[in-house]
Amino acid sequence: MPATPEPIPAEPVLFEAISTPPRSFRPRGFVVMLGLGLLWSLGGGIAFVLMGAWPVLPFLGLEVAGALALVALHHRWSGRAREVVSLTRQHLLVQRRDGTGRWERAVLDPYWARVEWSERQGLALVQRGRRVPIGRFLSEEEQQELAAALRRVLAEYRTPVFDNPQLRKARPYKPE
């Protein structure tokens, strides 16, 4: 019987930041927008009927229904989108998923990666000429907060703490 290999243990995560697009559109807001769309269709329909252009009515209804469907799809797709920046002992990993479910992944060496922020280009991780933009869903203030947190975490990562028993304070000897 062949021996099954043991699963590789997952690396401990030292830092993780998850960002998602802002989703302020609630179900109540969708109902309000649906009502406004119906009122618009009704008002426009009455106006066209009074002018004698009643064949326009189906197209007006399809237009409003199409617009509401596009808003609902956008809301659904934005709920799937996310970006995860995580730091482990070996890697600085950026994973991004768009609304259609497609994943993008970038792996950087945390020792050489640096954090850059500019008003024009936004927040990015840079390593040896490779630029990986991050924080696309964040506001400018949130990007600056994430940049400060990443700089602090990467600085802690680059300054290792050595535990040398010979350098510890000697404990006084207590006879038992």
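Visitor: Is strand β2 largely enclosed by the rest of the structure or left open, and how many of its residues are buried?
Guide: Keep in mind that this is a predicted model. Strand β2 covers residues 82-88. A residue counts as buried when its relative accessible area is under 20%. Strand β2 is largely enclosed by the rest of the structure, because the number of its 7 residues that are buried is 6.

Visitor: Which strands pair with β2, and in what sense?
Guide: Start with strand β1, residues 13-19, which pairs with β2 over 6 bridges. In that pairing, serine 19 stands opposite glutamate 83 of β2. Then there's strand β3, residues 92-97, which also has 6 bridges to β2. So the partners are β1 and β3, and the sense is antiparallel.

Visitor: How many residues join β2 to β3, and what is the bridge partner of valine 84?
Guide: The link from β2 to β3 is a hairpin, and 3 residues make the connection. For valine 84, look across to β3. The partner there is glutamine 95.

Visitor: What is the order of the strands in the open sheet, and which ones stand at the edges?
Guide: The sheet has 4 strands with antiparallel pairing, in the order β1-β2-β3-β4. Two of these strands have a single partner each, so one side of each is left without a neighbour in the sheet. Those edge strands are β1 and β4.

Visitor: By how many degrees are neighbouring strands of this sheet turned against each other?
Guide: Here we ignore which way each strand runs and take the average over neighbours. That average comes to 10°.

Visitor: How many bridges link β3 to β4, and which residue stands opposite arginine 97?
Guide: β3 and β4 run antiparallel, with 6 bridges between them. To find the residue facing arginine 97, go to β4. You'll meet tryptophan 103.

Visitor: Which helix packs on the sheet, and what angle does its direction make with β1?
Guide: Look for residues 140-158, which form helix α3. This helix touches β1, β2 and β3. Its direction and that of β1 make an angle of about 165°.

Visitor: Is glutamine 143 buried or exposed, and which residues does it touch?
Guide: Glutamine 143 sits in helix α3. Its relative accessibility is 11%, so it counts as buried. Leaving out residues up to four places away in sequence, glutamine 143 touches Trp117, Gly122, Leu123, Ile134, Gly135 and Leu138.

Visitor: How many residues of strand β6 are buried?
Guide: Strand β6 runs over residues 122-127 and is largely enclosed by the rest of the structure. That follows because, of its 6 residues, the buried ones number 6.

Visitor: Which strands pair with β6, and what stands opposite valine 126 in β7?
Guide: Strand β5, residues 114-118, pairs antiparallel with β6 over 5 bridges, and arginine 114 has valine 126 as its bridge partner. Strand β7, residues 130-134, also runs antiparallel to β6, with 5 bridges. So the partners are β5 and β7, and opposite valine 126 in β7 is arginine 131.

Visitor: Which residue has a positive phi in the turn between β6 and β7?
Guide: β6 and β7 form a hairpin with 2 residues between them. The phi in question is about 50°, and it belongs to arginine 128.

Visitor: Where is leucine 36, is it buried or exposed, and what is the area of the nonpolar patch it helps make?
Guide: Leucine 36 is in helix α1, residues 27-51. With a relative accessible area of 55%, leucine 36 is exposed. Together with Val32, Leu39, Leu42, Ile46 and Leu50, Leu36 makes a nonpolar surface patch of about 650 Å².

Notes. Residues are numbered from 1 along each chain as its sequence is written. This is a predicted model: local features need pLDDT of at least 70, side-chain atom pairs count only at pLDDT 80 or more; totals for chains, interfaces and linings use all residues. Side-chain values use heavy atoms; hydrogens and water are left out. Patches are made of residues with over 30% relative accessible area and no salt bridge: like charges are joined within 9 Å, nonpolar side chains (Val, Leu, Ile, Met, Phe, Trp, Tyr) within 5 Å. Accessible areas come from the Shrake-Rupley method with a 1.4 Å probe; for residues, only the protein chains shown count as cover. A salt bridge is a side-chain nitrogen of Lys or Arg within 4 Å of a carboxyl oxygen of Asp or Glu. Buried means under 20% relative accessible area, exposed over 50%, partly exposed in between (1.4 Å probe, protein chains only). Two strands pair if DSSP finds at least two bridges between them. Axes are lines fitted to C-alpha atoms, for helices over the stretch in contact, and angles run from 0 to 180 degrees between N-to-C directions. Contact means heavy atoms within 4.5 Å.
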